[in-house]
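Reader: I should be grateful for a close reading of one part of this model. Please concentrate on helix packing and on the space enclosed.

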Amino acid sequence: MKFPGSVLVSLILFVAETAAALCLSGAYRAAGDRMWQWLTLLFALLPCALVQLSLVFIHRDVSRDRPLVLLLHLLQLGPLVRCVEVFYIYFHAGRVEEPYVSITKKRQMPKDGYSEEIEKEVGQAEGKLCTHRSAFSRASVIQAFLGSAPQLTLQLYICVLQQEITAARSIFMVLSLLSIVYGALRCNILAIKIKYDDYDVSVKPAAYLCIFMWRSFEIATRVTVLVLFSSVLQIWTLPVVLVNFFGFFFYPWILFWQSKSPFPENIEKALSRVGTTIVLCLLTFLYAGINMFCWSAVQVKLNDPDLINKSQNWYRLTVYYMLRFIENAFLLLMWYIYKTDIYLYVCAPLLVLQLLIGYCMAVLFMLVFYQFCHPCKKLFSSSISEGLLSCFKFLCFICKPLKSTVLMDKAEVKSPENTDEAWSSSKTLDSQKGNPHQSVSSNA
């Protein structure tokens with residue numbers, strides 16, 4: 001039985017970030033910055049409430065007679081109770097013989113083209129631990145992208161405006177960045193385990209390292225670009241954020257309406273149609289929040305029973321990173337044009353270059369992960385290098401008609417230069433057609 005280390009890491013990040021947010025909001029109150037105080041509290045307490053709801057929903061506590069657990073969730077102490085329960089189950093496992101076990105069948109990764117199916121006995125304790133790990137993974141994703149990401153953006157924005165980085169604020173920003181990167185890492189692992197549920201997946205340390213570096217560069221550069229842009233063009237910040245957010249929010253719903261599939265009813269038996277709609281809206285809300293800051297490895301598909309798109313779409317991945325790179329470059333260009341006096345001692349071209357290189361480094365680590373370190377790369381129908389090659393071929397195929405039309409236009413432009421020769425040759429032909437005997441005699 002594996003040690004529940006992911007549960008412990010999630011709890012430590014949750015408690016540390018919440019405590020740092022409360023301390024920093026108290027510091028803002030003492031300094032008289034009421035707006036920063038309430039925004040810091042909002043970005044700290046809203047994800048806490050959503051984390052409690054997710055834990056209650058996954059463990060089905062509402063339908064069970066557990067009033068004390070529900071009370072502790074209302075007091076925002078749900079993760080602490082769940083962590084204590086996890087370690088109680090872990091340390092007491094094996095001491096008492098379990099009345100029954102379930103048998104799961106998993107397939108091993110293909111070796112030499114063959115894949116063996118193995119059976120494994122799963123006891124009640126291990127099944128409960130698996131449920132707790134899954135619940136904490138989802139809670140970490142919610143905490144990261146609905147709380148830590150806005151919080152990190154806010155605190156970095158305050159540092160830029162006040163031109164000061166205090167010790168408390170820097171510690172809080174480091175905790176927030178770690179929370180976001182960890183949430184993105186858990187999102188990647190969840191996507192792998194959901195897509196390849198029939199296989200026994202084991203993630204190696206090299207894969208964790210690649211994901212950590214990929215997400216660190218991607219999220220850090222994205223947050224910095226948004227803060228720089230919002231510090232000089234506050235009026236245009238809201239349209240940029242809303243277009244990004246609502247674009248990703250409505251994208252799964254548009255695909256669902258185009259597929260003309262029936263409304264999903266198998267999410268939870270106890271939920272009504274209204275409750276199912278609320279759950280789906282919260283899911284797409286989280287999906288939009290993730291894609292605001294980084295690529296979501298989990299692609300929402302509402303007409304699928306698992307609500308997840310299990311196909312590996314390299315085209316969507318390529319289009320996302322191309323458009324995001326263009327957007328980041330455009331926002332940096334706007335910042336460079338309209339930068340104010342607070343950036344007087346900042347080397348703007350060097351900063352722009354560093355941010356663009358940082359984003360390219362994120363793409364590089366992402367390519368290394370999918371090409372070499374992905375635990376299920378043997379199951380890919382095509383590798384990421386082949387996928388990128390096909391994308392470039394597709395782009396070249398689109399550019400070829402444009403190139404041919406340009407060549408035709410050039411030919412049409414050049415043709416009037418030889419109009420005299422063409423007119424004389426056509427006149428000779430016409431004269432030969434008008435006097436056939438002359439042409440015959442001349443040939444003779």
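Author: Helix H7 passes helix H8 in a right-handed crossing (the near helix turned clockwise from the far one by less than a right angle; anticlockwise would be left-handed). The model is predicted, so local features need pLDDT of at least 70 and side-chain atom pairs pLDDT 80 or more, whereas totals for chains, interfaces and linings use all residues. Residues are numbered from 1 along each chain as its sequence is written, and side-chain values use heavy atoms, without hydrogens or water.

H7 covers residues 205-232 and H8 residues 234-259; their axes lie 6 Å apart and the packing angle is about 140° (axes fitted to C-alpha atoms over the stretch in contact, angles from 0 to 180 degrees between N-to-C directions). H7 is therefore oblique to H8 (neither under 35, over 145, nor 65 to 115 degrees). From H7, the contact (heavy atoms within 4.5 Å) takes in Arg-222, Phe-229, Ser-230, Ser-231 and Val-232. The H8 side consists of Gln-234, Trp-236, Thr-237, Val-240 and Asn-244. By class, four of the residues in this contact are nonpolar, five polar and one charged (Asp, Glu, Lys and Arg are charged; Ala, Val, Leu, Ile, Met, Phe, Trp, Tyr, Cys and Pro nonpolar; the others polar).

Both helices also help to line the second largest pocket, which holds about 780 Å³ of space. Of its 26 lining residues, Phe-43, Pro-150, Thr-153, Val-241 and Phe-293 are the closest to the centre. Two or more residues each come from helix H2 (34-59), H5, H7, H8 and helix H9 (273-293), and H8 gives the most, with eight. The lining comprises 21 nonpolar and five polar residues, with no charged ones. (A pocket is an open set of points on a 1 Å grid, with protein on both sides within 12 Å along at least five of seven lines; lining residues have an atom within 4 Å of a point. Its volume is the space filled by 1.4 Å probe spheres set on the points.)

H5 also packs against H1: the two axes come within 10 Å and cross at roughly 30°. H1 is therefore roughly parallel to H5, and the crossing is left-handed. On the H1 side are Ser-6, Val-7, Ser-10, Phe-14, Glu-17, Ala-21, Leu-24 and Tyr-28. They meet His-132, Arg-133, Phe-136, Ser-140, Gln-143, Ser-148, Gln-151, Gln-155 and Ile-158 in H5. Seven residues of the H1 contact with H5 are nonpolar, eight polar and two charged.

Definitions and conventions:
Helix = DSSP H or I, 4+ residues; strand = E, 2+ residues; numbered from the N terminus.
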